Structures are given as structure tokens and as C-alpha cells.
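Please open the model in your viewer and show the side chains as sticks. The tour goes from one pair of charged residues to the next, with a selection to make at each stop.

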Amino acid sequence: MLATSIKLPTSEEIKKLSLSDIAISGGLADEFRDRLREYVHVDPYCVPDPFSDKYDCNYSIILDRENPNRIVVLLANKKLMLPQLQWSAILGERLVKMSVSKEDALAIKQELMPKETNNFYPYRRNGIIAGYIMFAFQICG
């Protein structure tokens, strides 16, 4: 389900997340990954962050409905490979998907994962990389 009334968390709201908020986000990300694996293959290694000019992607974040400041997943879907996934089944009742600009996605990534690169896992459909994904359980900042 695509978010319409939920707003993008600000940098200050992200900074104010508690350790328990980050733990909850990590647990939700793990559950999300398990559901996502029913539709795509997530590679077991990370690749450079998909924000340079060579990447032509649509960016999204997945948030916790109970506290929309909790970012669960950051997605970069290749525009030409945009997968038609069953988002309602993958997200369930608790999560919500929101489209964001490349700039907003990069700002969120830098807040959550200040490490410079190799924060995203490629995911594949039919053996072809369809996008890149960063999970909340990777948060190190």
C-alpha cells in the first residue's frame, strides 16, 4: 500500500529515534526481507550505493505505520526493470511504502548509514538485478 497521509521523517526526527525504535525497525526489516524473498532473490553481498549518475532508479522507503519515523527499508528500483510486486502482501498491515526523491533517499541513507558505500543488497527477478535494498538491521550510525 502506498502512503498518502504519512510524511517523510525529517533528519531531526530520525536522530531522535531511541535504541528500541531502531531495534523494532530492525525486526520489522527482517520480517519484511522474509516476505520479500517469496517474490525476489536478495543477493548475499552488498554493492556500491545506487546514488551516482549511472543509476536510473525510483526510490522508496518503507515505514512502520505505528511510528512513521521508523524507517524499515530503503529501496532503489531500476526504472527499466520496475518490478510489479504484490506490495500489499509483502508490506502486510504494519508497513507502508512511500516514494521519495533521489535527494531525500540519499539524505535518509546518510543519516542511517553514514558509511560511504556498499550499503545496498541487489535483488533480482528472473536472474536480472531489478533494484537495490538497504534494511534497518544494517543501521550503524
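Select Asp21 and Arg70, whose side chains meet in a salt bridge with an N to O distance of 2.9 Å. Asp21 belongs to helix H2 (residues 19-36) while Arg70 belongs to strand E3 (residues 67-78), so this pair ties together parts that lie 49 residues apart in sequence. The model is a predicted one, and in it Asp21 counts as buried at 12% relative accessibility, as does Arg70 at 10%.

Next, select Arg124 together with Asp43, which form a salt bridge whose closest N and O atoms are 2.9 Å apart. Because Arg124 sits in strand E5 (residues 121-125) and Asp43 in the loop between strand E1 (41-42) and strand E2 (57-64), the pair ties together parts that are 81 residues apart in sequence. Colouring by accessibility separates the two partners: Arg124 is partly exposed at 23%, whereas Asp43 is buried, with a relative accessible area of 4%.

Now return to Asp21 and Arg70 and add Asp64, Glu66 and Arg94 to the selection, since salt bridges that share partners join these five residues into one network.

For the last stop, move to helix H1 (residues 11-15) and select Glu12 and Lys15, which are three residues apart and therefore separated by about one helical turn. Their side chains meet in a salt bridge at 3.7 Å, N to O, and Glu12 is partly exposed, with a relative accessible area of 45%. For anyone who wishes to continue the search, the structure holds 10 salt bridges.

Conventions
Residues numbered from 1 in each chain as written. Predicted model: local features only at pLDDT ≥ 70, side-chain atom pairs only at ≥ 80, totals over all residues. Heavy atoms only, no water. Salt bridge = Lys/Arg side-chain N within 4 Å of Asp/Glu carboxyl O. Helix = DSSP H or I, 4+ residues; strand = E, 2+ residues; numbered from the N terminus. Buried < 20%, exposed > 50% of the residue type's maximum accessible area, 1.4 Å probe, protein only.
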